[in-house]
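Subject: Structure handover and notes

Dear colleague,

Here is the structure I promised to pass on, with the sequence alongside. Please open both before you read further, as my notes follow directly below.

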Amino acid sequence: MNNFRVFKQVPRIIYGSGSISRIKELLPKKDASNYNIYIIDDIFRNTCFPGKDNISDGDIIEWFPASLGEPKTSQVDSIRDNIRQRQINSEPNAIIGIGGGSTLDVAKALSVILCNEGSSSKYQGWDLVPNPGLYKIGIPTISGSGAEASRTAVLFGKDKKFGINSDSSMFDALILDCDLIEGVPLQQRFHSGMDCYIHCVESITGTFINELARANASKALELCERVFLCNGSNDQLMTASYMGGVSIVNSEVGICHALSYGLSLELGIRHGLANCIVFNVLDDFYGPYVDRYRQMLEKNMIRLPHDVCKTLDSMAMSRMVKMTLRMERPLANALGINWRERLTEDMIRDLYIQM
Ligand code: NAD
Ligand code: ZN
């Protein structure tokens with residue numbers, strides 16, 4: 001008997017330009033006693049946001065301020081508590097997440113804690129969620145994170161950035177409508193797109209790789225290069241993002257993500273940009289891919305900040321090193337089970353200083 005894990009995938013997807021208009025086909029039927037919960041990036045607050053026509057009386061809209069920062073366990077907990085206070089006599093029917101990786105992760109985490117007791121922080125880690133989450137639909141409005149396809153909901157806790165990694169946090173359905181990513185500013189599009197490129201590199205070069213993950217990651221890498229070197233289309237970017245997420249479900253991220261969590265935790269640098277900064281110093285680990293990445297930086301005229309850690313004192317640096325070392329699975333994926341012999345605290349510190 002082998003000990004392969006069962007990997008869940010998102011079972012239902014509507015794909016293509018304009019597919020948001022078909023959201024009804026994915027929503028479970030509800031009656032007067034239940035309601036849907038919409039978690040929407042508040043960048044859409046004053047617009048005719050995607051899916052607006054479907055919202056009915058009694059449904060709840062929670063605007064998530066993704067432009068202000070990445071989601072926290074405390075934010076998800078208080079959304080859940082507010083909803084319970086407002087809707088004492090009825091049950092939630094489904095959650096619809098509309099936004100980038102941050103907003104989708106809020107929707108995923110909320111679905112977990114509506115069906116499991118206590119704070120979302122209790123479930124940060126691997127496979128700690130006992131009950132299935134509430135039915136949820138993911139509708140990305142920016143591509144790259146792969147949050148639409150992954151089994152992770154990444155949240156900041158008190159002293160760590162960590163995912164709720166579980167089958168219960170996976171979406172039950174997706175709408176992949178490339179029209180929705182049309183308005184993303186170029187720099188943000190690049191940073192989020194590179195998140196996909198980077199986790200596919202980490203997946204394909206990692207020790208946890210299998211053919212299924214390799215097939216998804218290599219196609220996603222090819223699409224990313226088409227998008228960022230040859231002016232490829234939004235549906236290519238959206239497809240890359242989805243395939244990158246599927247690849248990660250079947251493998252793991254690597255050194256870049258492990259280091260980038262430290263930058264986000266201590267300096268508040270957004271995930272996509274943090275990965276871009278870290279990847280630029282990882283020649284020793286991902287050599288040819290880093291060269292290709294620099295071509296994409298140049299072609300898209302993206303400038304990275306330098307010396308980002310120069311203001312940090314030794315305590316802050318130690319917290320970042322500690323955060324990196326917590327990422328045991330990604331580091332084992334990248335460097336093998338004896339990763340501690342190949343990546344010391346001094347080496348991590350040194351890499352941070354180079355950024
Ligand atoms: P994001 O959700 O953090 O959003 C980035 C910015 O883009 C925000 O200001 C947002 O308001 C804006 N935005 C979103 N859609 C837009 C649109 N259509 N037009 C204009 N602006 C728009 O970005 P992201 O890169 O998709 O996600 C990063 C987040 O995802 C981080 O919190 C990271 O930790 C998480 N993440 C999760 C996974 C996962 O598997 N769950 C994987 C990687 C990253
Ligand atoms: Zn990522």
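I will begin with helix H1, which has 14 residues and reaches 20 Å from its first C-alpha to its last, close to the 20 Å expected at 1.5 Å a residue. Please keep in mind throughout that this is a predicted model. Within H1 the residues Thr-73, Val-76, Asp-77, Ile-79, Arg-80 and Ile-83 are buried, and, seen down the helix axis, the buried residues fall within an arc of 160 degrees, so they line one face of H1. On the other side of H1, Gln-85 and Arg-86 are exposed. What do the buried residues of H1 pack against? Their partners are strands E2 and E3, helix H2 and strand E7, the last of these covering residues 152–156. As for its direction, H1 (residues 73–86) lies across E2 (34–41) and E3, running at about 160 degrees to E3.

Just ahead of this helix is Lys-72, which lies in the loop between E3 and H1. Lys-72 is partly exposed, with a relative accessible area of 43%, and, leaving aside its neighbours within four places in sequence, it is in contact with Leu-155 and Phe-156. In case you wish to relate this loop to a later part of the chain, the C-alpha atoms of Lys-72 and Gly-272 are separated by 17 Å, while the two residues are 200 residues apart along the chain.

Turning to the sheet, 6 strands form an open sheet in the order E1-E9-E6-E4-E2-E3, and the pairing is parallel. Its edge strands are E1 (12–15) and E3 (60–64), each of which pairs on one side only, and the twist averages 15 degrees from one strand to the next. Going through some of the pairs, E1 is joined by 4 bridges to the parallel strand E9 (residues 173–176), with Tyr-15 standing opposite Leu-176 in E9. Strands E2 and E4 also run parallel and are joined by 7 bridges, and here Asn-36 stands opposite Ala-94 in E4. Between E4 and E6, which are likewise parallel, there are 5 bridges, and Ile-98 stands opposite Ile-139 in E6.

Is strand E4 largely enclosed or largely open? Of the 9 residues of E4, 8 are buried, so this strand is largely enclosed by the rest of the structure. Helix H2 (residues 101–114) lies across E4 (91–99) as well as E2, E3 and E6 (136–140), and runs at about 165 degrees to E4.

The metal site may be of particular interest to you. Which residues are the protein donors of the zinc ion (ligand 2)? They are Asp-195 (OD), His-257 (NE2) and His-271 (NE2), lying 2.0 to 2.1 Å from the zinc ion, and in sequence these donor residues are spaced D-x61-H-x13-H. His-257 lies in helix H6 (residues 255–267) and His-271 in helix H7 (residues 271–279), so the pair ties together parts that are 14 residues apart in sequence. Both His-257 and His-271 are buried.

Helix H5 (residues 234–249) can be checked for its span in the manner used for H1: at 1.5 Å a residue, its 16 residues should span 22 Å, and its end C-alpha atoms are 23 Å apart, which agrees. H5 is mostly covered, with 15 of its 16 residues buried.

Finally, two residues deserve a look at their backbone angles. Most residues other than glycine have a negative phi. Asp-127, however, has a positive phi of about 55 degrees although it is not a glycine; this residue is found in the loop between strand E5 (125–126) and E6, where Asp-127 is partly exposed, with a relative accessible area of 46%. Asn-231 likewise has a positive phi, near 50 degrees, and is not a glycine. Asn-231 is found in the loop between helix H4 (211–229) and H5, and with a relative accessible area of 63% this residue is exposed.

With best wishes

Note on methods:
Residues numbered from 1 in each chain as written. Chains lettered and ligands numbered in written order. Predicted model: local features only at pLDDT ≥ 70, side-chain atom pairs only at ≥ 80, totals over all residues. Heavy atoms only, no water. Pairing = 2+ DSSP bridges. Helix = DSSP H or I, 4+ residues; strand = E, 2+ residues; numbered from the N terminus. Axes fitted to C-alpha atoms, helices over the stretch in contact; angles between N-to-C directions. Contact = heavy atoms within 4.5 Å. Donors = N, O, S within 2.8 Å, 3.2 Å for Na, K, Ca; no water. Buried < 20%, exposed > 50% of the residue type's maximum accessible area, 1.4 Å probe, protein only. Expected span 1.5 Å × (residues − 1). Arc of directions from axis to C-beta.
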